[in-house]
Amino acid sequence: PPGSLRVRGDLTFVSYSARTHELFLDALNLSYVDSLDCPDLTGLRTTEDVLAAHKAAGRHDPECWFVAGDSQGPVGVILLSKVLSRPAFEVVYMGVAPRARGQGVGDALLDKAMKQCVCRDATRLALAVDSANTPAVCFYARWGFNEIARRRAWIAARADAGGR
């Protein structure tokens with residue numbers, strides 16, 4: 001972890017299950033508010049569809065999906081997936097609610113992810129980030145992540161679908 005780590009000690013973590021499904025939907029929806037993460041994709045799918053797509057990425061293990069919360073409710077979410085071909089995990093999604101941004105929640109979520117890697121003998125943690133999301137790019141660089149590739153996101157919409 002970086003020297004300027006600000007892991008909040010007041011957070012609790014809840015893993016995914018059928019019982020916590022709605023909590024995960026709420027946490028995801030909160031994290032999307034004013035997000036700089038691929039804003040052109042916002043609203044193209046329901047949160048239920050997004051969650052199903054995340055489950056399909058890699059090898060889904062509900063014990064590697066977490067919602068972080070404080071006394072007021074959910075403040076962040078991180079979804080990890082086992083990479084099938086090597087001892088690695090991928091952050092398939094990480095987001096923080098607007099009221100908690102800049103308050104160490106991201107550090108706490110990524111610290112949780114790193115600890116999951118150690119517990120499961122993974123040697124790498126990978127992720128994708130929108131290069132236009134400068135705060136996220138700086139955050140991950142502070143954690144020691146290095147860019148290894150760039151990709152473009154492509155969207156096709158029907159002409160009668162309101163331009164999106």
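The following questions and answers introduce a predicted model and its helices, strands and salt bridges.

Residues are numbered from 1 along each chain as its sequence is written. In this predicted model, local features need pLDDT of at least 70 and side-chain atom pairs count only at pLDDT 80 or more, while totals for chains, interfaces and linings use all residues, and side-chain values use heavy atoms, with hydrogens and water left out.

Reader: What pattern does the protein chain follow along the sequence?
Author: Helices (H or I, at least four residues) and strands (E, at least two) are DSSP runs, numbered from the N terminus. The protein chain holds four helices and five strands. Read along the sequence, their pattern is β-α-α-β-β-β-α-β-α.

Reader: What percentage of the residues of the protein chain count as buried?
Author: A residue is buried under 20% relative accessible area, exposed over 50% and partly exposed in between, with a 1.4 Å probe and protein chains only. The protein chain has 164 residues, and the share that counts as buried is 37%.

Reader: How many Å does helix 1 reach from its first C-alpha to its last?
Author: Helix 1 covers residues 21-32, which is 12 residues. The expected span is 1.5 Å times one less than the number of residues, and for helix 1 this expectation is 16 Å. The model is close to that value, with a reach of 17 Å.

Reader: Around the axis of helix 1, what arc do the buried residues cover?
Author: The buried residues of helix 1 are His21, Phe24, Leu25, Ala27, Leu28 and Ser31. The arc is taken from the directions from the helix axis to the C-beta atoms. These residues lie on the same side of helix 1, because they cover an arc of only 165°.

Reader: Which elements are included in what covers the buried residues of helix 1?
Author: Covering is judged by contact, meaning heavy atoms within 4.5 Å. The cover over the buried residues of helix 1 includes strand 1 (12-15) and helix 2 (47-55). It also includes strand 2 (65-70), strand 3 (73-82) and strand 4 (88-96).

Reader: In strand 5, which residue is the bridge partner of phenylalanine 89?
Author: Two strands pair if DSSP finds at least two bridges between them. Strand 4 and strand 5 (residues 124-127) run parallel and are joined by four bridges. In strand 5, the partner of phenylalanine 89 is leucine 125.

Reader: Which helix does the chain pass through from strand 4 to strand 5?
Author: A crossover is right-handed if, with the strands pointing away from the viewer, the path from the first strand over the helix to the second runs clockwise. The β-α-β crossover from strand 4 to strand 5 is right-handed, and its helix, at residues 105-119, is helix 3.

Reader: Which residues are linked in a network of salt bridges?
Author: A salt bridge is a side-chain nitrogen of Lys or Arg within 4 Å of a carboxyl oxygen of Asp or Glu, and the structure holds five. Arginine 120 meets aspartate 61 at 3.8 Å, N to O. Arginine 120 also forms a salt bridge with glutamate 63, with the closest N and O atoms 3.8 Å apart. The network therefore links Asp61, Glu63 and Arg120.

Reader: How many residues apart in sequence are the parts that arginine 120 and aspartate 61 tie together?
Author: Arginine 120 is partly exposed at 29% relative accessible area, and aspartate 61 is partly exposed at 26%. Arginine 120 lies in the loop between helix 3 and strand 5, whereas aspartate 61 lies in the loop between helix 2 and strand 2, so the parts that they tie together are separated in sequence by 59 residues.

Reader: Is aspartate 70, the salt-bridge partner of arginine 99, buried or exposed?
Author: The closest N and O atoms of arginine 99 and aspartate 70 are 2.8 Å apart. Arginine 99 is partly exposed, with a relative accessible area of 35%. Aspartate 70 has a relative accessibility of 15%, and therefore counts as buried.

Reader: Within what arc do the buried residues of helix 4 fall?
Author: In helix 4 (residues 134-142), the buried residues are Ala136, Phe139 and Tyr140. What covers them includes strand 4, helix 3 and strand 5. Seen down the axis, they line one face of helix 4, because they fall within an arc of 90°.
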